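The following note sets out points on the model for a colleague at the bench. Please read it with the structure open.

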Amino acid sequence: MTRILVPRDRVPRWVENFVVRHGAAALAVAAGALRGAAADESTFAARLPFERAYDGPADVDAFVAAAAPPESWAVLLVRKGGFAVARMAGDQVVESKVGQRHVQGRTKAGGQSQQRFARRRDNQAREAYAAAADHAARILAGHRGPLVTGGDRSAVDAVLADARLVEFAVVGPWLDVPDPRRAVLDSAVVDAQAVVVDVENV
């Protein structure tokens, strides 16, 4: 099985190309997904973004309409090298912040020197996560929609442990991104809105 992210507006063309490659596909709705079974027994299952279940008709256009982003949602990306947060209204960024903080890498030194280095690195990481939580709390104040996260899981967990952020509804997909920069955040916003398609090619 192959899993891909397909932008909402490209789903009709993707299904057309699937039919070209594998033959006419019978569409059905099952287990919250739009499913297609082609003449050569290849299949796909398309799921709505934000982990929403699809229960509409077995029709591509209806599925695309249901895949529209919610009125209010957000993205939070965190790694030791920085963070990015964006508050969204539909497909538009309402407010965002990208920040970098220096956290030292690992050292090969041993003994007490290594222990001091590890303590310093841990302190730097805590300061970086606290700064990320401050900005996220400010930008997402009053936010009640879904939150898509990515980066480093332990770093994201550390930021979301902040009392101001613990009630956010975190949903998939998990975004595996490098150190957050503006371009990384822009790409993550697109991926968060994409339709998740599992494909079995025969």
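1. Pro 173 has its place in strand 9. The model is a predicted one, and in it the peptide bond that joins Gly 172 and Pro 173 is cis, with omega about 5°. This bond deserves a look when the strand is inspected.

2. Strand 9 belongs to an open sheet of five strands, arranged in the order 7-6-5-8-9 with mixed pairing. Strand 7 and strand 9 are at the edges and have a single partner strand each, so one side of each lacks a neighbour in the sheet. From one strand to the next, the twist averages 20°.

3. Within this sheet, strand 6 and strand 7 are paired in the antiparallel sense, over eight bridges. Met 88 is found opposite Val 93, a residue of strand 7. As general background, strands of a sheet pair through backbone hydrogen bonds, in either a parallel or an antiparallel manner.

4. Two helices should be considered together with the sheet. Helix 4 (residues 153-160) lies across strand 5, strand 8 and strand 9, and runs at about 120° to strand 5. Helix 5 packs on the sheet and touches strand 5, strand 6, strand 7, strand 8 and strand 9. The direction of helix 5 makes about 135° with that of strand 5.

5. Which residues of helix 5 are buried? In this helix (residues 182-192) they are Val 184, Leu 185, Ala 188, Val 189 and Ala 192. Viewed down the axis of helix 5, these buried residues fall within an arc of 140°, so they line one face of the helix. Their cover includes strand 5 (73-79), strand 6 (82-89), strand 7 (92-100), strand 8 (146-151) and strand 9 (169-175).

6. There is also an open sheet of five strands with the order 1-10-4-3-2, and its pairing is antiparallel. Here strand 1 (2-6) and strand 2 (25-30) stand at the edges; each has a single partner strand, so one side of each is left without a neighbour in the sheet. The twist in this sheet averages 20° from one strand to the next.

7. Strand 2 and strand 3 (residues 33-38) run antiparallel and are joined by six bridges. Opposite Ala 25 stands Ala 38 of strand 3.

8. Ser 42 lies in the loop between strand 3 and strand 4 (43-47). Is Ser 42 buried or exposed? Its relative accessible area is 0%, under the 20% cut-off, and Ser 42 is therefore buried. The side chains of Ser 42 and His 22 are joined by a polar contact of 3.1 Å. The Ser 42 side chain also reaches the backbone nitrogen of Val 202, at 2.8 Å. Leaving aside residues up to four places away in sequence, Ser 42 touches Phe 18, His 22, Gly 36, Ala 37, Glu 200, Asn 201 and Val 202.

9. Two residues with positive phi merit attention in the backbone. Phe 50, in the loop between strand 4 and helix 2 (60-66), has a positive phi of about 65° although it is not a glycine. Glu 51 has its place in the loop between strand 4 and helix 2, and has a positive phi of about 55°, again without being a glycine.

10. The accessibility of these two residues can be set side by side. Phe 50 is buried, with a relative accessible area of 5%, whereas Glu 51, at 58% relative accessibility, counts as exposed.

Methods. Residues numbered from 1 in each chain as written. Predicted model: local features only at pLDDT ≥ 70, side-chain atom pairs only at ≥ 80, totals over all residues. Heavy atoms only, no water. Buried < 20%, exposed > 50% of the residue type's maximum accessible area, 1.4 Å probe, protein only. Helix = DSSP H or I, 4+ residues; strand = E, 2+ residues; numbered from the N terminus. Arc of directions from axis to C-beta. Contact = heavy atoms within 4.5 Å. Pairing = 2+ DSSP bridges. Axes fitted to C-alpha atoms, helices over the stretch in contact; angles between N-to-C directions. Polar contact = N/O pair within 3.5 Å; in protein donor to acceptor, adjacent residues only side chain to side chain.
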